Amino acid sequence: MPKPIPRLVWADLPPTVQRRAVWLVRDLVAASLPGAGVASAAITAAHVERNFRSGGATILASGARSTVSGAALANGMLSDALSLNDGHVLAKGHPGANTIPAVLAAAEEADATLSEFLASVVFGYELAVRAAMDLHARSPVYRAAGAWGPMASAAAICHLRRLSDNVIRHAIGFAEFHAPHAPLLPSLSQPAMTKDAIGWGAFLGATAAELAEAGFTAHDSEFFNADPFEDIGRTWRCLDGYVKPFPVIRLSQPAIKAALDLRGRHALDHHRIARVAIRTFANSANLPRLIPTVTEEAQYGLPWPVAYALVHGRFDVQDVIDGLSDPDAAALMGRIEVSILAEYDALYPAKRVSDVSIETDSGELFNSDPVTADGDAGDPGWEDIIEAKFRAHVGLEPDDLDAPLCDRPLGRLPRDELIAAICRASGPIRCGTRSGH
């Protein structure tokens with residue numbers, strides 16, 4: 001007989017988990033809103049507004065209303081438009097971006113409270129990491145987040161709606177059966193809007209939950225063989241997630257950090273740089289060497305963001321939108337060498353490590369230490385990274401998380417009020433397009 005599926009209650013969660021949940025939601029919003037004008041997000045939002053019009057869920061890019069599945073699709077695609085979203089080393093992907101858009105859409109439609117929404121976000125995040133670990137262990141192919149995320153988002157919506165264990169099992173089975181194959185390595189070698197299949201994964205998860213609730217049945221998921229619910233409530237995977245300071249794939253972040261550190265410490269002028277050597281792990285070294293013509297190529301590169309950072313002293317959101325084909329960065333990229341260091345490769349995926357050496361035209365040589373990316377789980381500045389993104393891209397003032405939770409219902413709120421409510425923040429939002437209703 002199947003074991004009971006646990007339910008999470010916000011008031012019963014450890015304070016560290018509660019705090020992490022709010023910060024993950026803030027990070028998702030900060031990673032999403034500045035991507036509203038990116039083609040992948042704009043095309044998807046327009047498609048959803050045309051074809052999924054009737055519903056109580058918000059399209060974050062515009063404030064328009066849609067169905068739960070439609071909003072999950074639009075907001076899931078938006079969350080990955082700039083590659084600024086969270087991730088988890090064991091998942092090798094993005095648990096928050098998979099689950100939060102789907103759960104938010106369902107919470108709005110159900111007029112759920114903030115605490116119900118947040119508890120279901122935690123449930124979905126925990127299940128997403130476990131689903132990813134299980135699929136990576138079973139599959140000979142490195143699968144993108146959209147291949148395992150639907151199982152988590154489907155279950156999290158069922159959790160929010162307080163559906164039975166039987167319905168949850170059918171929703172997970174449906175989501176696994178219909179999940180995209182989504183091999184990630186072709187996505188890395190030929191960057192395109194498909195990326196990690198996150199938008200489609202959120203859409204599928206929401207659809208699976210709604211169909212299962214209506215009585216649609218599915219065979220048992222192979223995921224159940226791993227007993228995925230056994231340690232939920234005891235082992236908190238959400239505490240081990242990472243966040244990103246740069247709008248680029250995680251594989252490139254250590255080298256960008258090392259390059260910026262050297263540039264700043266030694267006041268390097270990019271015109272005087274004769275050679276740059278990056279030593280890294282195989283998955284990072286194998287990223288394409290492209291002068292980008294579209295934003296996805298800028299986000300999925302290694303030599304390009306390092307070159308751009310050395311030229312401009314930064315690599316920010318606007319740089320992957322407006323900084324494509326920068327001539328100075330393109331010239332410097334031709335002087336960058338990338339090699340694999342076996343020591344770093346052996347540490348992957350638990351750690352992503354790179355180092356950078358820069359030689360000037362006068363023969364001076366500057367070497368970085370081995371560097372891991374900022375925002376890893378143990379980084380004391382983890383919340384600071386999110387706060388910087390949140391202030392820059394959302395414009396709200398984060399509220400004190402030690403203050404009591406204002407447990408308001410989330411249904412039918414205007415977009416800006418909704419964002420402030422789920423992020424526990426206040427003040428006018430500075431970015432985005434149209435306001436909510």
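How do the residues of the lining of the largest cavity divide into nonpolar, polar and charged? In this predicted model, the split is eight nonpolar, four polar and six charged.

**Cavities**

Let's start with the inside. There are three cavities of 30 Å³ or more in the structure. The table sets the largest beside the second largest.

| Cavity | Volume | Nonpolar lining residues | Polar lining residues | Charged lining residues |
|---|---|---|---|---|
| Largest | about 190 Å³ | eight | four | six |
| Second largest | about 50 Å³ | five | four | three |

The largest cavity, at about 190 Å³, has 18 residues lining it, and those closest to its centre are His94, Asp196, Tyr242, Ile249 and Arg250.

Now for the second largest cavity. Its lining includes Ser40, Gly76, Met77, Asp80 and Ala81, along with the run Met193, Thr194, Lys195, Asp196, Ala197, Ile198 and Gly199. Helix H3 (68-79) and helix H9 (198-213) are the elements that give two or more residues to that lining. Asp196 turns up here too: this residue lines the second largest cavity and is also among the residues closest to the centre of the largest one.

**Cysteines**

On to the sulfurs. A search of the whole structure turns up zero disulfides. Take Cys406: the closest cysteine sulfur sits in Cys423, 14 Å away, so the gap is too far for a bond. A disulfide would need the two sulfur atoms within 2.5 Å. As for their surroundings, Cys406 is exposed, with a relative accessible area of 56%, whereas Cys423 is buried, at 0%.

How values were computed. Residues numbered from 1 in each chain as written. Predicted model: local features only at pLDDT ≥ 70, side-chain atom pairs only at ≥ 80, totals over all residues. Heavy atoms only, no water. 1 Å grid on protein atoms, 1.4 Å probe; cavity = no way out; pocket = protein on both sides within 12 Å on 5 of 7 lines; lining within 4 Å. Points joined across faces, edges and corners; volume = space filled by probe spheres on them. Nonpolar A, V, L, I, M, F, W, Y, C, P; charged D, E, K, R; others polar. Helix = DSSP H or I, 4+ residues; strand = E, 2+ residues; numbered from the N terminus. Buried < 20%, exposed > 50% of the residue type's maximum accessible area, 1.4 Å probe, protein only.
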